[in-house]
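Me: I'd like a close look at one part of this protein, and I'd rather have a walk through it than a list. Here it is.

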Amino acid sequence: MRHWLIDIRKEAHMSQQAVADKAGISQSYYAGIESGARGNPLGVPIAKAIAAALGFEWTKFYEDSAEPDDQE
């Protein structure tokens, strides 16, 4: 689960559909990326598109893969 991505999306007051539309992907594909079911590893073009839609650095997707996301 990419909790950080969900947090960024919610802080931007955007739905999954809105992010998917801006990134040029389907909502179901985007939902899979958030849940971690898809995009492991995530392709650079998709990472860049989602990051541009939400306003963060696209390399964050690759920092995420180096450490567990469920630590709190």
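In which loop is H13 found? Please start there and carry on through the neighbouring parts.

Reply: H13 is found in the loop that runs between helix 1 and helix 2. Bear in mind that this is a predicted model. H13 has a positive phi, near 55°, although the residue is not a glycine. As for its surroundings, H13 is exposed, with a relative accessible area of 76%.

Now for the setting. The protein has 5 helices and 0 strands, so along the sequence the pattern reads α-α-α-α-α. Of its 72 residues, 36% are buried. Take the contacts between residues at least 6 apart in sequence: 55% of them join residues at least 24 apart.

Step past the loop and you are in helix 2, residues 16–23, which has the highest mean pLDDT among the elements, at 98. Its buried residues are V19, A20 and A23. They span an arc of only 100° around the axis, which means they sit on the same side of helix 2. That fits a general rule: an α-helix has 3.6 residues a turn, so residues three or four places apart point the same way. On the other side of helix 2 you'll find D21 and K22, both exposed. What do the buried residues of helix 2 pack against? Their partners are helix 1, helix 3 and helix 4 (44–54).

Right after helix 2 comes G24, with a positive phi near 75°. In the loop between helix 2 and helix 3 you then meet I25. Set this residue beside H13: I25 counts as buried, at 12% relative accessibility, whereas H13 is exposed at 76%. Leaving out neighbours within four places in sequence, I25 is in contact with A20, Y30, I33, I46 and I50. One of these, A20, is among the buried residues of helix 2. Another, I46, is 21 residues away from I25 in sequence, and their C-alpha atoms are 8.2 Å apart in space.

Two more of those contacts, Y30 and I33, take you into helix 3, where the buried residues are Y30, G32, I33 and E34. Helix 3 covers residues 27–35 and packs with helix 1, residues 3–11, at an angle of about 125°, with the axes 7 Å apart. The two helices are therefore oblique to each other. On the helix 1 side, the residues that meet helix 3 are L5, I6 and R9, and their counterparts in helix 3 are Y30, I33 and E34. Sorted by class, this contact of helix 1 with helix 3 has 4 nonpolar, no polar and 2 charged residues. So Y30 and I33 turn up twice, as contacts of I25 and again where helix 3 meets helix 1. After helix 3 there is another glycine, G36, again with a positive phi, near 90°.

How far can you lean on all this? The mean pLDDT of the protein is 89, and 88% of its residues reach 70 or more. Helix 5, residues 60–64, has the lowest mean among the elements, at 83. Over residues 66–72 the pLDDT is below 50, and that stretch has 6 contacts in the model beyond near neighbours in sequence. Where pLDDT is low, the predicted coordinates should not be read in detail.

Key
Residues numbered from 1 in each chain as written. Predicted model: local features only at pLDDT ≥ 70, side-chain atom pairs only at ≥ 80, totals over all residues. Heavy atoms only, no water. Axes fitted to C-alpha atoms, helices over the stretch in contact; angles between N-to-C directions. Helix = DSSP H or I, 4+ residues; strand = E, 2+ residues; numbered from the N terminus. Parallel < 35°, antiparallel > 145°, perpendicular 65-115°, else oblique. Contact = heavy atoms within 4.5 Å. Nonpolar A, V, L, I, M, F, W, Y, C, P; charged D, E, K, R; others polar. Buried < 20%, exposed > 50% of the residue type's maximum accessible area, 1.4 Å probe, protein only. pLDDT = per-residue confidence, 0-100. Arc of directions from axis to C-beta.
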